[in-house]
Amino acid sequence: MIQDIETIDEFLAHRTADVEEAVRTAAATEIMPRFRQLAAHEIDEKTGPHDLVTDADRKAEEFLTEALVKLLPGSVVVGEEAVHANPATYEAIKGEAPVWIVDPVDGTRQFVHGDPGFCTLVALAHGGVLQASWTYAPARDQLAVAVRGKGALLDGEPLRAGSPAPGRDLEVATSHPDYTTDDQKRALLGLWTDGVSPRACGSAGLEYLAVARGELDAVAFSWEAAWDHAAGILLVEEAGGAHLTLSGEPFRITGGNTLPFTAARDAATARRVLGLLSGGA
């Protein structure tokens, strides 16, 4: 309990390791024992065959909801599975209480297929501003942590996004065709041009990590569900990157963004991708 800690900054100064432990424990107890061990009855569809949920998603979110609120009394949780059950809970992102934004298994399709390319995403926001994030890939045992104004780390080592090499095609991960409408596909068409090498994204959280590591130049996405983007947006920002929506403004976790949007290794790349997206739109 932290009744003696009054501010988010103080909480983060004292308890980031406790959040890390909660994330690792959720993965160790609820996700990894089910990895490549899922039975058919442990997998369900939500909105369609490409939108899957498993017992691992549900149980990990339940674990994190209890653990995170216990760590920060007075906080609330906006989790992907809870919002699916009750969409009104999403509005807590705009509220006055500190809010944990949780995607228990980002990349559920990969998880279901036995692919290690999935992760657990947790972000802490207050007043619509991201304060910290945790991106944990349990099958790879990689943990990236970002704290606003304090930088980003991967397994304890500083992350630097850097800048793309001059003259090389930009490598951009985009919204997967299985998850996009015809209008969204048209908005992303501007990326299919000379000088750009677009590909469909996997786990959004791991694509953001790739940008923060300088392994991917940018992402371009056409949806704004906060649990997919909150952790990665802060990770990229604290690694020296930038993010912009189609209106030219930074991405807002509270919603109302003009889509699509990009997050990139540096501001110049973000502007370049945004210009291409504007042409596609």
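In what sense do strand E4 and strand E5 pair, and over how many bridges? Strand E4, residues 99-106, and strand E5, residues 119-126, run antiparallel to each other, and six bridges hold the pairing. Before I go further, I should say that what we are looking at is a predicted model, and that everything I quote this morning is computed from it.

Let me place that pair in its sheet. E4 and E5 belong to an open sheet of seven strands, ordered E3-E4-E5-E6-E7-E8-E9, in which the pairing is mixed. Strand E3, at 76-79, and strand E9, at 157-158, are the edge strands, and because each has a single partner strand, one side of each is left without a neighbour in the sheet. Within the E4 and E5 pairing, please keep an eye on Trp100, which stands opposite Leu124 in E5, since I will come back to that tryptophan when I turn to the rings.

Two helices pack on this sheet. Helix H1, residues 8-31, touches E4, E5, strand E6 at 129-137 and strand E7 at 142-147, and its direction makes about 30° with that of E6. Helix H2, residues 55-71, touches E3, E4 and E5, and its direction makes about 155° with that of E4.

Helix H2 also carries a residue that I would like to single out, namely Glu61. Is Glu61 buried or exposed? Its relative accessibility is 5%, and since the cut-off for buried is under 20%, Glu61 counts as buried. The side chain of Glu61 reaches the backbone nitrogen of Glu80 at 3.2 Å. If we leave aside residues up to four places away in sequence, Glu61 touches Gly79, Glu80, Glu81, Ala82, Val102 and Pro104.

Now to the aromatic residues. How many aromatic pairs does the structure hold? There are ten of them, and I will describe two in detail, bearing in mind that a pair of aromatic rings is described by the distance of the centres and the angle of the planes.

One of these pairs is formed by Phe35 and Phe111, which are stacked, with 5.8 Å from centre to centre and 20° between the planes. Phe35 lies in the loop between H1 and strand E1, at 43-48, while Phe111 lies in helix H4, residues 108-112, so the pair ties together parts that are 76 residues apart in sequence. Both Phe35 and Phe111 are buried.

Another pair brings us back to Trp100, which is paired with Trp134 in a tilted arrangement, at 6.0 Å centre to centre and with 45° between the planes. This pair, too, links distant parts of the chain, with Trp100 in strand E4 and Trp134 in strand E6, 34 residues apart. Trp100 is buried, its relative accessible area being 0%, and Trp134, at 0% relative accessibility, likewise counts as buried.

Let us move along the chain to another sheet. This open sheet has five strands in the order E11-E10-E12-E14-E13, again with mixed pairing. At its edges stand E11 and strand E13, at 242-245, and because each of them has a single partner strand, one side of each is left without a neighbour in the sheet. From one strand to the next, the twist averages 20°.

Strand E10, residues 170-174, pairs with strand E11, residues 196-200, in the parallel sense over five bridges, and in E11 the bridge partner of Glu171 is Ser197. Together with helix H5, residues 182-188, these two strands make a right-handed β-α-β unit. By contrast with that parallel pairing, strand E12, residues 218-221, and strand E14, residues 261-264, run antiparallel and are joined by four bridges, with Phe221 having Phe261 as its bridge partner in E14.

Helix H6 lies across E10, E11, E12 and E14, running at about 145° to E12, whereas helix H7, residues 226-238, packs on the sheet by touching E12, E13 and E14, its direction making about 45° with that of E14.

How many of the nine residues of helix H6, residues 204-212, are buried? The count is nine of nine, and the list includes Glu207 and Tyr208. After H6 comes Gly214, which has a positive phi, near 80°.

Tyr208 lets me close with the rings once more, as ring pairs link Tyr208, Phe221, Trp223, Phe251 and Phe261 into a cluster. Two members of that cluster, Phe221 and Phe261, are the bridge partners I mentioned a moment ago.

Methods: Residues are numbered from 1 along each chain as its sequence is written. This is a predicted model: local features need pLDDT of at least 70, side-chain atom pairs count only at pLDDT 80 or more; totals for chains, interfaces and linings use all residues. Side-chain values use heavy atoms; hydrogens and water are left out. Two strands pair if DSSP finds at least two bridges between them. Contact means heavy atoms within 4.5 Å. Axes are lines fitted to C-alpha atoms, for helices over the stretch in contact, and angles run from 0 to 180 degrees between N-to-C directions. Buried means under 20% relative accessible area, exposed over 50%, partly exposed in between (1.4 Å probe, protein chains only). A polar contact is a pair of N or O atoms within 3.5 Å; within protein, one must be able to donate a hydrogen and the other to accept it, and residues adjacent in sequence count only if both atoms are side-chain atoms. A crossover is right-handed if, with the strands pointing away from the viewer, the path from the first strand over the helix to the second runs clockwise. Rings of Phe, Tyr and Trp (its six-membered ring) pair if their centres lie within 6.5 Å; planes under 30 degrees apart count as stacked, over 60 as edge-to-face and the rest as tilted.
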